[in-house]
Amino acid sequence: MKPLKINYLFIGVVTLLLALAMWPTLQWRGDNSTQLQKIKQRGVLNVATLNVTPYYYQSSTGIDGLDYELAKQFADYLGVKLNIETEHNVTSLFTQLENGDADMLAAGLIFNPERMKNLNVGPAYYSVSQQLVYRQNTPKPQSLANIKGKLTVVAGAASISTLHQLKKSKYPNLNWDATPSDSSVDLLKQVADGKLDYTIADSVTIAMIQRIYPNLAVAFDVTEEEPVMWYVRKTEDNSLDAAMLNFFNQINEDGTLAKLEEKYLGHVGEFDYVDTKTFLNAIDNTLPGLKPLFEKYAKGIDWRLAAAIAYQESHWNPTATSATGVRGIMMLTRNTADSLGVTDRLDPEQSIRGGLTYLEQLMAKIPDSVPEEEKIWFALIAYNMGYAHMLDARSLTAQQGGNPDSWVDVKKRLTMLTQKQYYSKTRYGYARGYQAYQFVENIRRYQLSLEGYLQEKDRQLAKAQQTAAQDAELGKSYPAIKPNQFQLRQPIPQEQN
């Protein structure tokens, strides 16, 4: 698949056009009839979303998600509490809004002009493309004209409008099925399992699901990049629309939006089938023996992140050795190992204990001005290329007018440390900034795969246990017959003529 692009210029243009179009009708009336006043009187903002990564999901630390965090901040901006309800698919999501059970929808929804008769949209906050996916190792279609098999999409999704337009303008023989009960994630999993031939979904959702279902492959982009927006009901006043516009302008100007998009979307663009498949196999076969050690020594970070770091370092190989002499699961140098009391770098427990202790020491040195949740990325840069070069990356960021405490700003400058025009202005000189950049990005992708894969296995296990329990309960409803109670019916004799 092509790398994810967050087109801020495109988003800005769409937002500006939206503001100009809405400006004549925007109202901030003080009476209690406006949407905004009703929400404030109620004290609660009702939001509906999809329970799908990266929009809203359960993580190891609680509820996370780009739309969840944005909705929470919007509720805070309005001075009300957030009540968020999850739905399984797009059809039920829009039903919530149309019935008045939700004030707005925040679920990574693509702009769909067919919905604009009864609905309004907020500003664009990132962009995606619609893509056709198929199962790896099956024939790859080159266009919608030569797909061989059934195309199934989610009823009510933006892809339906796209397909109708393409059928009318370009592919008159194009046909598809629309399912009202399944979500896009359901359909993607069915394609990966070989139960469906093709489906269409947005590039972000596909990128996330590929981390746990690498058999999914992107055939081609069905559309160019399109804006993702929140949806609200169309009413006589636009007070809620105006509040959203002001809110997004504020978080765009202060950098909050860029930070959130980096947190949830910045590392998902690249996909390697072989590497992902190899990693998932290692989760099944190698991780169970190491998991207790990660859980034991990962004190300042989640054990799954610790496992992802170790996999990036050594692929969980206790005897791994590099050309520069670093060794073991956490690839420690001799000097670092000695300072941490590690006597045998090839011993898995000593290596994991030493590596995670060293990482904790680095995190403790990160300035307090860096947000707590971003300190780990600065520490990992220091772990990979040295603490001094990490300071240089911060310094270079400040020289160029960026925020040295922001990961999204510092991340952009790492590769510059390999270029003389930039590293000549730093204190410690040349550094392998590109390697450090890839080091952190790979770790974040491995963490995403690990968390998603383990959650999927837990769901499948829970489903199997539920099915077994239902079968057992069904069995109880039929009386058991002992062997000596079982008798064959005698055939009824035929009358003789």
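Let's start with the empty spaces: a search of this whole structure, which is a predicted model, turns up two cavities of 30 Å³ or more. The largest cavity holds about 360 Å³ of space, and the second largest holds about 40 Å³.

Take the largest cavity first. Its lining is made of 26 residues. If you want to find the spot on your screen, look for Val90, Leu109, Ala157, Ser184 and Asp202, which lie nearest its centre.

Which elements supply at least two residues each to that lining? They are helix 4 (90-98), strand 5 (104-110), helix 5 (158-169) and strand 11 (199-202). Strand 5 gives the largest share, with four residues. Sorted by class, the lining has 14 nonpolar, 10 polar and two charged residues.

Now move to the second largest cavity. Here I can name the lining for you: Tyr297, Ala298, Lys299, Gly300, Ile301, Leu356, Leu359, Glu360 and Met363. Helix 14 (residues 348-365) provides the largest share of this lining, four residues. By class, the count is six nonpolar, one polar and two charged residues.

Next, have a look at helix 6, residues 184-192. Seven of its nine residues are buried, so helix 6 is largely enclosed by the rest of the structure. The buried ones are Val185, Asp186, Leu187, Leu188, Lys189, Val191 and Ala192. You'll spot Asp186 and Lys189 in that buried group, and both of those belong to the charged class. Just after helix 6 comes glycine 194, with a positive phi of about 85°.

On to the rings. How many aromatic pairs are there? The count comes to 21. Let me show you two of them.

One is tyrosine 57 with tyrosine 264: their ring centres are 6.5 Å apart and the planes make an angle of 85°, which makes the pair edge-to-face. This pair links distant parts of the chain, with tyrosine 57 in strand 2 (residues 57-59) and tyrosine 264 in helix 9 (residues 256-265), 207 residues apart. Are these two tyrosines buried or exposed? Both tyrosine 57 and tyrosine 264 are buried.

The other pair is phenylalanine 279 with tyrosine 446, at 4.8 Å centre to centre and 50° between the planes, and this one is tilted. Phenylalanine 279 sits in helix 10 (residues 273-285) and tyrosine 446 in helix 19 (residues 433-476), so the pair ties together parts that lie 167 residues apart in sequence.

Why do we call these two residues buried? The cut-off for buried is under 20% relative accessible area. Phenylalanine 279 has 0% relative accessibility, so it counts as buried. Tyrosine 446 has 7%, so it counts as buried too.

Aromatic residues also gather in groups here: Phe74, Tyr77, Tyr125, Tyr126, Trp230, Phe247 and Phe248 form one aromatic cluster. Try selecting those residues together on your screen.

Last stop: charges over rings. Which ring has the charged end of arginine 115 over it? That is the ring of phenylalanine 94, with the charged end 3.5 Å from the ring centre. There is also arginine 444, whose charged end sits over the ring of tryptophan 377, 5.1 Å from its centre.

To recap: we visited two cavities of 30 Å³ or more, a helix 6 that is largely enclosed by the rest of the structure, and an aromatic pair between tyrosine 57 and tyrosine 264 that links distant parts of the chain. Thanks for listening!

Note on methods. Residues are numbered from 1 along each chain as its sequence is written. This is a predicted model: local features need pLDDT of at least 70, side-chain atom pairs count only at pLDDT 80 or more; totals for chains, interfaces and linings use all residues. Side-chain values use heavy atoms; hydrogens and water are left out. Rings of Phe, Tyr and Trp (its six-membered ring) pair if their centres lie within 6.5 Å; planes under 30 degrees apart count as stacked, over 60 as edge-to-face and the rest as tilted. Buried means under 20% relative accessible area, exposed over 50%, partly exposed in between (1.4 Å probe, protein chains only). A charge sits over a ring if NZ of Lys or CZ of Arg is within 6 Å of the ring centre and within 35 degrees of the ring normal. On a 1 Å grid over the protein atoms alone, a cavity is a set of points where a 1.4 Å probe fits but cannot get out, and a pocket is an open set with protein on both sides within 12 Å along at least five of seven lines; lining residues have an atom within 4 Å of a point. Grid points are joined across faces, edges and corners, and a volume is the space filled by probe spheres set on the points.
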